[in-house]
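Here is a walk through the fold, one helix pair at a time. Keep the viewer open and follow along.

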Amino acid sequence: MNRTKSNNSKTECNNESEMSANVYKLITNEDKPPDIKYDKENSWIAAVQMFVSFLLAGFGMVAASLLLDVVQHWEVFQKIPGVYILVPALLGLKGNLEMTLASRMSTHANMGHLGACLKQLVVGNLCLIQCQAVLVGFLAAMAAVAMGWIPQGLFDIHQAMLLCASSVLTASFASFVLGLIMIGVIVVSKKLNINPDNVATPIAASLGDLTTLALLSWISSMLYRSLGTSLILPSIIIIIGAILVPACGYVASQNKFTTQALDEGWVPVVSGMVISSTGGLILGYTVSNYQGVAVFQLVINGIGGNMAAVHASRLSTLFHTGQKEKYVISNTTKLLMLMVVPGQLVFVYTIAYLKAGHTSVTPIFILIYVCAALLQVFILLIISHYLVLWMWKLGLDPDNSAIPYLTALGDLLGTALLGVAFYILFAIGDQDSDLGD
């Protein structure tokens, strides 16, 4: 009896996986498939779900910002500039992987795939993000080494090995732990009748930032203590990472739920890493001139990237479930824009209450900061709409490809606009003994 039930479950999962592998073709159908149910949400319910998740995610980013404000003074950050350049690239990488995982799993949840196929989804996606994390973590370290080496013209093998080992180990461990947490969040959300599209990606980003930054700071600091004496430990870490990439990649390639993501996911993730690394150069420059940037950088970047990711995730789910109505100025877009000001004010005053950072929160500071945040989100939502639509028409799954570009652009825009905001504040004289010291 149990054996028969198991066989039926496998058959059901195989049928669902075949549908999932070709789900992008739904856009060519006139009618929504009868086995897919995706009811339209009440706008107020969606707003509450999104705002609560943004608050939770935002406080996680505030914690990450406070941590960055502390670790920027650690010796490893002061002596090895590449670690600072690595921060936005690696945090952007982890955010991309976790949020694309959340977007894919949210779509599967709304399509009813979490029942019989949960085991295949978990194994395939954990192997997929492990493969992507280790490889792109290595590439992020190489980019940090290059960006630190080119201006100075000096290459230090010990620093390069430290950056590579720190990035690979951080990416590998964080991807496994955070992947499990995200899958749990989506499963629980679905059981509680909460749309995972509204809550999963913000939580993924906030947990990813805090966990990854803490791991990177701790691991790089530990390896820094042995800098100049031995390369054995960094070499072992890099070799283990090199073994994990093909092993996990093979498992993901044999899983029907992740084959398409494995093929399509590389270019967006690598491109996102390159864009975020550019943001790292801007961050390094602005922090050297305005130390107050550090504590606000992760908040403005994270909130903007989260809002664009939620927008892309919801739009992708609509396409996957066969809904093709106009989505130019949607309720989601309006709700997200309305959340920017109250959300940012909560986080700014939280930072001020904790007396963190190096900047006094004045009325003119709040005005210019909020304007920068609004402009960032507005640009990102426009890009999100047209990017998802363009990818869908090309036959690409936006769940796999859109979010890395959006979060990376969020990092770049957020860091650049925040730098401009601090420049304006300094130029008009709204400064104190800390601003710009």
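## Helices α12 and α13

Let's start towards the end of the chain, where α12 passes α13 in a right-handed crossing. This is a predicted model, so treat everything below as computed from it. General background for this kind of description: two packed helices are characterised by the angle between their axes and the distance between those axes. For helix α12 (residues 331-353) and α13, the axes come within 10 Å and cross at roughly 145°.

If you want to pick out the contact on screen, the α12 side is made of Thr333, Leu336, Met337, Val340, Val341, Gln344, Leu345, Val348 and Tyr349. Facing them from α13 are Phe365, Ile366, Tyr369, Val370, Ala373, Leu374, Val377, Phe378 and Leu381. Sorted by class, that contact of α12 with α13 holds 16 nonpolar residues and two polar ones, with no charged residues.

## Helix α13 and its partner α14

Helix α13 covers residues 363-393, which is 31 residues. From its first C-alpha to its last it reaches 45 Å, close to the 45 Å expected at 1.5 Å a residue. After α13 comes Gly395, and the phi of Gly395 is positive, near 85°.

Next in line is helix α14 (residues 398-428), whose axis comes within 9 Å of the α13 axis, the two crossing at roughly 160°. That angle is over 145°, so α13 is roughly antiparallel to α14. The α13 and α14 crossing is right-handed. In the contact of α13 with α14, the count is 26 nonpolar residues, five polar and no charged.

One residue to click on here is Leu409, which sits in helix α14. How buried or exposed is Leu409? Leu409 is partly exposed, with a relative accessible area of 23%. Setting aside neighbours within four places in sequence, Leu409 is in contact with Ile275, Leu380 and Ile383. Leu409 and Ile379 are 30 residues apart along the chain, and their C-alpha atoms are separated by 9.6 Å.

## Helices α6 and α8

Now swing over to helix α6 (residues 157-191) and helix α8 (residues 232-253). Their axes come within 9 Å and cross at roughly 45°. With that angle, α6 and α8 are oblique to each other. The crossing in which α6 passes α8 is left-handed.

Which residues in α6 meet α8? They are Met161, Cys164, Ala165, Val168, Leu169 and Ser172. On the α8 side, the residues are Pro234, Ser235, Ile237, Ile238, Gly241 and Leu244. The contact of α6 with α8 divides into nine nonpolar residues, three polar and no charged.

## Gln130 in α5

Gln130 has its place in helix α5 (residues 118-152). Is Gln130 buried or exposed? Its relative accessible area is 8%, which is under the 20% cut-off, so Gln130 counts as buried. Leaving out residues up to four places away in sequence, Gln130 touches Ser172, Ser175, Phe176, Leu244 and Cys248. Two of these are familiar from the contact of α6 with α8: Ser172 in α6 and Leu244 in α8.

## Two more spots to check

Asn193 lies in the loop between α6 and α7 (196-225). As a general point, most residues other than glycine have a negative phi. Asn193, though, has a phi near 60°, a positive value in a residue other than glycine. Asn193 is also exposed, with a relative accessible area of 70%.

Val70 is in helix α2 (residues 43-71). Val70 is partly exposed, at a relative accessible area of 47%. What separates Val70 from Val295 in sequence and in space? The two are 225 residues apart in sequence and 9.2 Å apart in space, C-alpha to C-alpha.

## The whole chain

Zooming out, the protein has 14 helices and zero strands. From the N terminus on, the elements run α after α to the end. Of the 437 residues in the protein, 57% are buried.

Contacts across the chain are worth a look too. Among contacts between residues at least 6 apart in sequence, 87% join residues at least 24 apart.

Note on methods: Residues numbered from 1 in each chain as written. Predicted model: local features only at pLDDT ≥ 70, side-chain atom pairs only at ≥ 80, totals over all residues. Heavy atoms only, no water. Axes fitted to C-alpha atoms, helices over the stretch in contact; angles between N-to-C directions. Helix = DSSP H or I, 4+ residues; strand = E, 2+ residues; numbered from the N terminus. Parallel < 35°, antiparallel > 145°, perpendicular 65-115°, else oblique. Left-handed = near helix turned anticlockwise from the far one by under 90°. Contact = heavy atoms within 4.5 Å. Nonpolar A, V, L, I, M, F, W, Y, C, P; charged D, E, K, R; others polar. Expected span 1.5 Å × (residues − 1). Buried < 20%, exposed > 50% of the residue type's maximum accessible area, 1.4 Å probe, protein only.
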